[in-house]
Amino acid sequence: MQVRRYVMDLIYQHGGESVFLPSNKDLARELGIARSTAQLELKLLLKEGFVTTRHGIGTFTVPRMGGTVFQAPLIGILDGDGKIIYEPFYRLSLKSHIAMELAKMPTVIQEIRLFSERENDQLEELRSISCDALVCLAPNEQQKTLLEKIQQYRPVIVVDTTLPEMTCIELNRYRKGRVLGEALLAEGRKKVLFSQNERYYRTTFQGCRDVFREAGVEIPEEHFFMNEIEHLEELLKTGYRPQAVAPKLENFDAIAALLRKYGIDLREECRMATFMFKPMDMPEPIMLFSFPFEEFGQQVAAQVRKRLKNPALPPERIEFDYNYKMTIV
């Protein structure tokens with residue numbers, strides 16, 4: 001894959017030109033792979049028509065059809081650690097909208113997959129990718145050192161999380177929680193349960209909790225479940241009847257089934273709430289809040305455009321708000 005990516009980058013960057021490739025030995029050394037691996041992949045690319053050989057001279061890329069020189073910037077998108085296989089609706093939607101907004105600039109998008117395990121090898125992989133800027137979706141703290149080194153070579157924009165001393169774009173999720181709390185109180189729903197992960201405990205849950213506190217209502221700490229359906233069931237066994245539940249989308253159907261099991265009416269007595277979409281198998285009405293996928297993409301595209309013009313700009317953190325709309329569907 002490293003050899004294929006190397007060749008494809010050359011084809012995109014040089015448009016109608018034919019580019020001379022290094023020897024198998026030199027290419028293998030540059031990419032940090034075995035010479036036999038480089039030779040095997042180049043044979044496949046030759047068979048597929050992406051490269052050609054000239055007897056006694058060497059191997060060349062085949063110019064793109066039309067013969068025009070490639071002009072649009074090439075933007076790499078790195079999703080998490082570059083090895084993600086399972087991607088939920090949220091992650092796929094966010095990545096798609098970012099790619100669509102970047103493509104409007106226009107740019108060409110390259111989704112990056114990393115194959116190495118060690119940090120030094122991953123650094124060499126990322127350095128060998130000839131993109132003009134790198135957009136990283138929700139990298140973890142362990143990747144910070146790696147991305148700091150990469151931003152010495154090209155602009156790096158971190159999305160959906162915050163890493164110190166890097167340009168980061170994140171949604172104000174605390175505000176999300178406040179909007180949810182205001183909507184629940186407007187309907188008189190004061191007995192609320194959450195089933196989310198730790199990130200939402202620190203943001204959305206706290207925002208909703210603060211709105212309730214300001215109204216003189218306390219949401220107990222134990223009414224936030226860290227994706228623990230078993231503990232939620234233990235609470236329902238005591239006879240507790242919630243008036244609203246905000247679950248993680250991946251647990252939505254399972255929690256709805258659990259509530260029905262304990263005789264909770266999901267049409268009037270209890271309302272389920274989400275910021276994404278209404279699950280297909282949910283016949284009862286839910287509180288559906290709009291989510292700013294398009295605006296998220298626009299924020300990222302604006303930063304990419306800005307940093308392509310001036311790569312020397314200092315890092316900045318952007319936390320944007322959104323005017324959520326709620327409907328009962």
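Which residues form one aromatic cluster? In this predicted model, the answer is F89, Y90, F277, F291 and F293. Before zooming in on some of these rings, it helps to look at the whole protein.

The protein has 11 helices and 14 strands. Its C-alpha atoms fill a box of roughly 85 × 40 × 35 Å along the principal axes. Of the 329 residues, 48% count as buried. Among contacts with a separation of 6 or more, 65% come from residues 24 or more positions apart.

Now for the rings. A search of the whole structure turns up 15 aromatic pairs. One of them joins F89 and F293, with 6.1 Å from centre to centre and 80° between the planes. This pair is edge-to-face, because its angle is over 60 degrees. It also ties together distant parts of the chain: F89 belongs to helix 4 (residues 89-103) and F293 to helix 11 (residues 293-309), and the two positions lie 204 residues apart in numbering terms. The partners are not equally covered up. F89 has a relative accessible area of 35%, so it is partly exposed, whereas F293, at 8%, counts as buried.

A second pair, Y201 and F205, has a different geometry. Here the ring centres are 5.5 Å apart and the planes sit at 25°, so the pair is stacked; the cut-off for that label is an angle under 30 degrees. Both residues lie in helix 8 (residues 198-214), 4 residues apart, which is about one turn of the helix. As for exposure, Y201 is partly exposed at 22% relative accessibility, while F205 is buried, with a relative accessible area of 0%.

Helices meet each other too. Take helix 1 (residues 2-14) and helix 3 (residues 35-48): their axes come within 9 Å and cross at roughly 50°. That angle makes helix 1 oblique to helix 3, and the crossing is right-handed. Which residues make the contact? Helix 1 supplies V3, R4, V7 and M8. From helix 3 come A38, E41, L42, L44, L45 and E48. Sorted by type, the residues of this contact divide into 7 nonpolar, no polar and 3 charged.

Technical notes. Residues are numbered from 1 along each chain as its sequence is written. This is a predicted model: local features need pLDDT of at least 70, side-chain atom pairs count only at pLDDT 80 or more; totals for chains, interfaces and linings use all residues. Side-chain values use heavy atoms; hydrogens and water are left out. Axes are lines fitted to C-alpha atoms, for helices over the stretch in contact, and angles run from 0 to 180 degrees between N-to-C directions. Angles under 35 degrees count as roughly parallel, over 145 as roughly antiparallel, 65 to 115 as roughly perpendicular and the rest as oblique. A crossing is left-handed if the near helix is turned anticlockwise from the far one by less than a right angle, and right-handed if clockwise. Contact means heavy atoms within 4.5 Å. Ala, Val, Leu, Ile, Met, Phe, Trp, Tyr, Cys and Pro count as nonpolar, Asp, Glu, Lys and Arg as charged, and the others, Gly among them, as polar. Rings of Phe, Tyr and Trp (its six-membered ring) pair if their centres lie within 6.5 Å; planes under 30 degrees apart count as stacked, over 60 as edge-to-face and the rest as tilted. Buried means under 20% relative accessible area, exposed over 50%, partly exposed in between (1.4 Å probe, protein chains only).
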